[in-house]
Amino acid sequence: MCKDLAMQRVVVLALDGVYPFELGIPARIFGTAVADDGSPLYEIRTCSLDGAPVRTNADYTIAVPWDASALDDADIVVIPPFTECDDHETYCLPPKVADALRRPQTRVVSFCTSAFVLATLGLLDGRPATTHWNQAERFRREFPRVRMDADVLFVDDGRILTAAGSAAGIDLCLHLLRSDHGSAVANRVARLCIVPPWREGGQAQFIDRPMPESGTASTADTRAWALTHLDRPLSLAELAAHARMSVRTFCRRFREETGLPPGQWLTRQRVDLARHLLEASDLPIDRVAAESGLGTAASLRQHLATTIGVSPTTYRHTFRAAALQ
């Protein structure tokens, strides 16, 4: 969570051939976020390189009120995807714009294939990142120093954040809201925008694969059932029996549908529940661990340290401090 919860400035950089859907995501998500007193939490500015109208990849052009100087005092810069071109020069930004993206106090966000822009600038070297799954292999070939993960919806690597294709930009913006201002704000925005606060699994579940046979069973009911029983051990055999499948078939179907193996998915759900309980309840740490199915306070500490790098006590204090401001 950000230490400074004053209103932050989000600058969206529209490049020639910008995709309109992704261009509108930051204003829709961040622009909907308000404090308890109704005051806005983010200021949104949309700019082009020179302040001139920008051609979209649809049948219209958009006018923007700002040029690239808006980037100079941005807290968050978002780069939506734009019409692809194999020429690397397409991804090269003017030096002043590149310098603005390198400012250590600015968080930089790419949606979809705009990760190529950040990689061209060297901002992703040695970092984990993602992009749309159908461009991942090309990305790996062109930028071998980047730790590309094509299975996830987004990657938060601190100052640099990358999202997979299209709607994954919504997931990443909601994640930023949750990191900055807590789950209550993010969930409220998600409800107003009629989108889920978070989506299960990664983009692996959307990769084009042969259609399953007609009548193939789903693991969805079992996943929903598991979410109501996270406080007790759930074995793979029990999950498969609930889904009326063999363990082997269940594991295969589960991964096809969520992009994750069952054990990893369960751990993620338990960590999410523990975070919610830490934010929204006064339960002791060991009780939070038990209610979320993580077992002991030591186990909870280990999982939170691995997931978000802080202890349960620090996490709770951070959100409680934010709620008092």
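At what angle do helix α5 and helix α6 pack, and how far apart are their axes? Let me start there. Keep in mind that this is a predicted model.

Helix α5 covers residues 168–181, and helix α6 covers residues 183–193. They pack at an angle of about 150°, with their axes 7 Å apart. Angles over 145 degrees count as roughly antiparallel, so α5 is roughly antiparallel to α6. Who makes the contact? From α5 come Leu174, Leu177, Arg178 and His181. From α6 come Ser183, Val185, Ala186, Asn187, Val189 and Ala190. By type, the residues of this contact divide into 6 nonpolar, 3 polar and 1 charged.

Now step back to the whole chain. The protein has 325 residues, and 47% of them count as buried. There are 13 helices and 10 strands. Take the contacts between residues at least 6 apart in sequence: 64% of those join residues at least 24 apart. The exposed surface is about 15800 Å², and carbon and sulfur atoms supply 53% of it.

Next, the sheet. It is an open sheet of 6 strands, with mixed pairing. Read across it and the order is β2-β1-β5-β6-β10-β9. The edges are β2, residues 42–47, and β9, residues 154–157. Each edge strand pairs on one side only. On average, neighbouring strands are turned by 15° against each other, direction ignored.

Helix α1 belongs in this picture too. It spans residues 20–30 and lies across β1, β2, β5 and β6. Against β2, helix α1 runs at about 160°.

Let's zoom in on β5, residues 76–79. Which way do its side chains point? Ile76 and Val78 go one way, Val77 and Ile79 the other. In a regular strand the side chains alternate between the two faces of the sheet. All four of these β5 residues are buried.

Now the partners of β5. With strand β1, residues 8–13, the pairing is parallel, over 3 bridges. There, Val11 stands opposite Val77. With strand β6, residues 107–111, β5 also runs parallel, and 4 bridges join the two. Val77 has Val108 as its bridge partner in β6. Val78 stands opposite Val109 of β6.

Stay in β6 for one more residue, Ser110. Is Ser110 buried or exposed? It is buried, because its relative accessibility is 0%. And what does Ser110 touch, leaving aside its neighbours within four places in sequence? The list is Ile79, Ala115, Leu118, Leu161, Thr162, Ala163 and Leu172. Ile79 belongs to β5.

Last topic: backbone angles. Two residues have a positive phi without being glycine, so look at these in the viewer. One is Ser166, with phi near 45°. Ser166 is in the loop between β10, residues 160–163, and α5. At 33% relative accessibility, Ser166 counts as partly exposed. The other is Arg244, with phi of about 55°. Arg244 is in the loop between α8, residues 236–242, and α9, residues 247–258. Its relative accessible area is 77%, so Arg244 is exposed.

To recap: α5 and α6 pack roughly antiparallel, β5 pairs in parallel with β1 and with β6, and Ser110 is buried in β6.

Note on methods
Residues are numbered from 1 along each chain as its sequence is written. This is a predicted model: local features need pLDDT of at least 70, side-chain atom pairs count only at pLDDT 80 or more; totals for chains, interfaces and linings use all residues. Side-chain values use heavy atoms; hydrogens and water are left out. Buried means under 20% relative accessible area, exposed over 50%, partly exposed in between (1.4 Å probe, protein chains only). Contact means heavy atoms within 4.5 Å. Accessible areas come from the Shrake-Rupley method with a 1.4 Å probe; for residues, only the protein chains shown count as cover. Two strands pair if DSSP finds at least two bridges between them. Axes are lines fitted to C-alpha atoms, for helices over the stretch in contact, and angles run from 0 to 180 degrees between N-to-C directions. Angles under 35 degrees count as roughly parallel, over 145 as roughly antiparallel, 65 to 115 as roughly perpendicular and the rest as oblique. Ala, Val, Leu, Ile, Met, Phe, Trp, Tyr, Cys and Pro count as nonpolar, Asp, Glu, Lys and Arg as charged, and the others, Gly among them, as polar.
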